[in-house]
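Here are my notes on the model you sent. They are short and go point by point, so keep the structure open beside them.

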Amino acid sequence: MQKILTEAVLRSELIPAGTRSYTVSKDTVVTPTAREYLKKRGIELKTAPAGPGRSMSRTEIRENGSYTYVDAVTGKGYREKHEDMTHLRGNQLVKKSDPRVAFRGQLDSLEAHILECQAQVCEQGNAELCGCLGELLDHVRDVLGAEVRDEPLAQKPLFGYDHDRLRYVSHHVKEEIGIDHPIPDYRMGRMALMLNTLRTRIREAELGAVAAFPGERPDIIEEMNRLSSAAYILFCRQVAKQWGGGL
């Protein structure tokens, strides 16, 4: 899966003064605004050489003969992919009802909803909120990429906050944002309600992660919890009308 480097991500990383170069992987898509951000700061954008790659672990096929696919759960071999099955990794297949597949679908739905929110924010001219949603989208894609590749998920700042800070702000709205914990109401406006819906969908995906990885992937489960906190912070800031300049 391709990664996307946006200006919002660069800002959240708080690149130290004096940095001369910034390296991305070969499959990273760098947005024009991210390139301009680095250029203005005299930072050279570099591309890391492709590594040897990581071999995909495969379940041993316990059947005689040659098979194209293998059931990731039972180890059974298949020459053809059945309609009720889908790829887990490499040539490994699972039922489409597998909780891991369901979780991927929830992440896909999250991406779609975030993009809808961004489109509306763009129409309203709120550049700051659009950038925050872009960061949130990047993190959702990181989760999906780490799960599909079966790799550890690295913690990255979101809105400039680490995991502890995200949790704190979401629990101390009065002190940090200046309003009481808001109760959703239709009079808040469509954007606030879309952000609240986003929060609930992230919560649903978090439960999907718990179901998909019982006793496993605490990195993904914690990240989903913090993404929910992040969406709640955006919702509260929208209610409090705490945004800067327009597009």
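**Strands, rings and charges**

1. Strand β5 (residues 69-71) is joined to β6 by two bridges, and the two strands run antiparallel. Look at V70 to find the register: its bridge partner in β6 is G77. Bear in mind throughout that this is a predicted model.

2. Now place that pair in its sheet. The sheet is open, has four strands and follows the order β6-β5-β8-β7. Its pairing is mixed. The edges are β6 (77-78) and β7 (85-89), each of which pairs on one side only.

3. A helix packs on this sheet. Helix α3 lies across β7 and β8 (92-95). It runs at about 85° to β7.

4. Stay with α3, which spans residues 99-124. How many aromatic pairs does the model hold? The count comes to two. One is formed by F103 and F213: the ring centres are 5.8 Å apart and the planes stand at 85°, so the pair is edge-to-face. The cut-off for that label is an angle over 60 degrees. This pair links distant parts of the chain. F103 belongs to α3, while F213 sits in the loop between α7 (190-212) and α8 (218-240), and 110 residues separate them. Are these two residues buried or exposed? Both F103 and F213 are buried.

5. The other aromatic pair is Y232 with F235. Their centres are 6.2 Å apart and the planes make an angle of 40°, which is tilted. Both residues lie in helix α8, three residues apart, or about one turn of the helix. Buried means under 20% relative accessible area. Y232 has 15%, so it counts as buried. F235 has 1%, so it is buried as well.

6. Two arginines deserve a look. R41 lies over the face of Y37, at 3.7 Å from the ring centre. The charged end of R165 sits over the ring of Y161, 5.5 Å from the centre of that ring.

7. Finally, check β2 (residues 21-24), where side chains alternate along the strand. Which of them are buried? Y22 and V24 are buried and point to one face. S21 and T23 point to the other face and are not buried. Strand β2 runs parallel to β4 (residues 44-47), and four bridges join them. Follow V24 across: its bridge partner in β4 is T47.

Definitions and conventions. Residues are numbered from 1 along each chain as its sequence is written. This is a predicted model: local features need pLDDT of at least 70, side-chain atom pairs count only at pLDDT 80 or more; totals for chains, interfaces and linings use all residues. Side-chain values use heavy atoms; hydrogens and water are left out. Rings of Phe, Tyr and Trp (its six-membered ring) pair if their centres lie within 6.5 Å; planes under 30 degrees apart count as stacked, over 60 as edge-to-face and the rest as tilted. Buried means under 20% relative accessible area, exposed over 50%, partly exposed in between (1.4 Å probe, protein chains only). A charge sits over a ring if NZ of Lys or CZ of Arg is within 6 Å of the ring centre and within 35 degrees of the ring normal. Two strands pair if DSSP finds at least two bridges between them. Contact means heavy atoms within 4.5 Å. Axes are lines fitted to C-alpha atoms, for helices over the stretch in contact, and angles run from 0 to 180 degrees between N-to-C directions.
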